[in-house]
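Let us walk through this model step by step, beginning with the overall arrangement and ending with a few individual residues.

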Amino acid sequence: THIVSKSKKLEGKKNYTMAILNMVAVLVGALVMFLQPVHDMWYYAAAIGTLVMVAYNFIVIIQYYNQLAMRKLPQFNKRGGDDFA
């Protein structure tokens, strides 16, 4: 139930900027591939841009996973009682 409540919080979050930037990186890479420019600089720029977006995606996915996987430690749920038990 704890994971369900956290997933409901993430459900409302929409990261449209990430999706748009990913699509732009893929489209730029495809455009460079189809245009086949003479200079290698365009290929390197498209590859680096796509690589940066992939790395950013990994970071965001790991952050979302961490938000879902983290839970409070059970020993902190206790109230009162014997502290030395």
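In this predicted model, residues that lie 24 or more positions apart supply 78% of the contacts in the protein with a separation of 6 or more. The elements behind this picture are three helices and zero strands, which follow one another along the sequence in the pattern α-α-α.

Before turning to details, it is worth asking how the confidence is distributed among the elements. The average pLDDT of the protein is 79, and 73% of the residues score at least 70. Among the elements, helix α1, covering residues 2-11, has the lowest mean pLDDT, at 59, while α3 has the highest, at 89. Where pLDDT is low, the predicted coordinates should not be read in detail.

The surface comes next. Of the 85 residues of the protein, 12% count as buried, and the accessible surface amounts to about 7,800 Å², with 70% of that area belonging to carbon and sulfur atoms. One nonpolar surface patch, of about 400 Å², is made by Y16, I20, V24 and V28. Of these residues, V28 is found in helix α2 and, with a relative accessibility of 40%, counts as partly exposed.

Helix α2 also contains N22 and L27, which can be taken in turn. Is N22 buried or exposed? Its relative accessibility is 18%, and because the cut-off for buried is under 20%, N22 counts as buried. Leaving aside neighbours within four places in sequence, N22 is in contact with M53 and N57, and with N57 there is a polar contact of 3.0 Å between the two side chains. L27, by contrast, has a relative accessibility of 54% and counts as exposed. The C-alpha atoms of L27 and T50 are 9.7 Å apart in space, although the two residues are separated by 23 residues in sequence.

The last stop is the loop between α2 (16-35) and α3 (40-69), where Q36 is found. What is the sign of phi at Q36, a residue other than glycine? The angle is near 50°, and thus positive. Most residues other than glycine have a negative phi. As for its surroundings, Q36 is exposed, because its relative accessible area of 57% is over the 50% that marks the exposed class.

Conventions
Residues numbered from 1 in each chain as written. Predicted model: local features only at pLDDT ≥ 70, side-chain atom pairs only at ≥ 80, totals over all residues. Heavy atoms only, no water. Helix = DSSP H or I, 4+ residues; strand = E, 2+ residues; numbered from the N terminus. Buried < 20%, exposed > 50% of the residue type's maximum accessible area, 1.4 Å probe, protein only. Polar contact = N/O pair within 3.5 Å; in protein donor to acceptor, adjacent residues only side chain to side chain. Contact = heavy atoms within 4.5 Å. pLDDT = per-residue confidence, 0-100. Patch = residues over 30% accessible without salt bridge, like charges linked within 9 Å, V, L, I, M, F, W, Y side chains within 5 Å. Areas by Shrake-Rupley, 256 points an atom, 1.4 Å probe, with all protein chains shown as cover. Salt bridge = Lys/Arg side-chain N within 4 Å of Asp/Glu carboxyl O.
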